[in-house]
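Morning, everyone. Let me walk you through a structure that is new to most of you. Please have the sequence and the 3D view open.

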Amino acid sequence: MKILVPVKRVVDYNVKVRVKADGTGVDIANVKMSMNPFDEIAVEEAVRLKEAGVATEVVAVSCGVAACQETIRAAMAIGADRGILVESDADLQPLAVAKLLKALCDKEQPTVVICGKQAIDDDSNQTGQMLAALMGWPQATFASKVQLGEGVATVMREIDGGLETVEIKLPAVVTTDLRLNEPRYATLPNIMKAKKKPLDTVKPADLGVDVAPRLATLKVAEPPKRSAGVRVADVAQLVDKLKNEAKVI
Ligand code: AMP
């Protein structure tokens, strides 16, 4: 069983992003980039399935600039067997990525694609769902537990107010939520080994995909600054302020 794991290169979650002065986007020049945290969880899950003897091969895929190779190498250091870089300098939006992944799924024939539930840069939460739709495959999003059986996957999903367990036919798309697992740290020997693992590079045109953006960003702005809080003397004053100033009770 082959598992395909799409891994996105995003601004590291510890970085406080700054909006560009002209409001066209966020400044990513000289900013630390890392693998999208939900994708690390996806790689970890795929590698655990391989270690458990359920999967036979884990393929990491990243779509974007040449530096996405680093993200693929990071996935390989966790345990992915090989990688595919779909190299493009274009602004790749979720639909374009889903189409690229579809072309790779047609070629690679994975049994499961494990995506992150969302990329922390655009917070779109769309790519996995779009891929499932394009493939005509079932999907189980926001997974907190994944079990693969004969032709089916049993997935526990995080939903508002609780958990839901669904059974879906394979092949399918699963997207990871935070509680699915805790990704391991890549050890130095595994980082060294990852350098030797096979990594193919293709271009969107090789896959016959038009990646032209379909959405235009009109403006990016900082969230409004929060004003400082006030300390109240007692409960009576708090209630008074909530009633008469904030008018929320
Ligand atoms: P999004 O729909 O942008 O929130 O992304 C959801 C998931 O799709 C991510 O967690 C990745 O698994 C995958 N994905 C999105 N964009 C890319 C990309 N450029 N390269 C590889 N995987 C991606």
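One term before we start: a residue counts as buried when its relative accessible area is under 20%. Take Val202, in strand β11. Its relative accessible area is 14%, so Val202 is buried. And keep in mind throughout that this is a predicted model.

Who are the neighbours of Val202? Leaving out residues up to four places away in sequence, Val202 touches Ile84, Leu85, Val86, Glu87 and Leu207. Ala21 is another story. Val202 and Ala21 sit 181 residues apart in sequence and 35 Å apart in space, C-alpha to C-alpha.

Now the sheet. Which strands does it hold, and in what order? It is an open sheet of nine strands, running β9-β8-β7-β10-β6-β1-β4-β5-β11, with mixed pairing. At the edges are β9, residues 162–169, and β11, residues 199–202; each pairs on one side only. Neighbouring strands are turned against each other by 35° on average, ignoring direction.

Two helices pack on this sheet. Helix α1 covers residues 37–51 and touches β1, β4, β6, β7 and β10. The direction of α1 makes about 150° with that of β6. Helix α2 touches β4, β5 and β11, and its direction makes about 165° with that of β5.

Let's zoom in on one end of the sheet. Strand β7, residues 139–148, pairs with β8, residues 152–159. The sense is antiparallel, over five bridges. Within this stretch, Ala143 stands opposite Arg157 in β8. Next, β8 to β9. These two also run antiparallel, joined by eight bridges. Ala153 has Ile168 in β9 as its bridge partner. Together β8 and β9 form a hairpin, with two residues between them. In the turn, Gly161 has a positive phi of about 80°.

β7 has one more feature to show. Lys117 lies over the face of Phe142, 5.6 Å from the ring centre. As for aromatic pairs, the count is zero.

Back to α2, residues 68–78. Which of its residues are buried? They are Cys68, Thr71, Ile72, Ala75, Met76, Ala77 and Ile78. A general point helps here: an α-helix has 3.6 residues a turn, so residues three or four places apart point the same way. Just after α2 comes Gly79, with a positive phi of about 145°.

One residue of α2 leads us to another helix. Ile191, in helix α5, residues 188–194, touches Ala77 and Ala186, again setting aside residues up to four places away in sequence. Ile191 is also 7.3 Å from Ala74, C-alpha to C-alpha, although the two are 117 residues apart in sequence. Buried or exposed? Ile191 is at 34% relative accessibility, so it counts as partly exposed.

Last topic: cysteines. How many disulfides does the whole structure have? Zero. For Cys68, the nearest cysteine sulfur is that of Cys63, 8.0 Å away. Cys68 is buried, at 4% relative accessible area. What about Cys115? The closest cysteine sulfur to that of Cys115 is in Cys105, and the two do not bond because 8.4 Å is too far. Cys115 is buried as well, with a relative accessible area of 4%.

That is the tour. Questions, please.

Conventions: Residues numbered from 1 in each chain as written. Predicted model: local features only at pLDDT ≥ 70, side-chain atom pairs only at ≥ 80, totals over all residues. Heavy atoms only, no water. Buried < 20%, exposed > 50% of the residue type's maximum accessible area, 1.4 Å probe, protein only. Helix = DSSP H or I, 4+ residues; strand = E, 2+ residues; numbered from the N terminus. Phe/Tyr/Trp six-rings, centres within 6.5 Å; stacked < 30°, edge-to-face > 60°. Lys NZ or Arg CZ within 6 Å of the ring centre and 35° of its normal. Pairing = 2+ DSSP bridges. Axes fitted to C-alpha atoms, helices over the stretch in contact; angles between N-to-C directions. Contact = heavy atoms within 4.5 Å. Disulfide = S-S within 2.5 Å.
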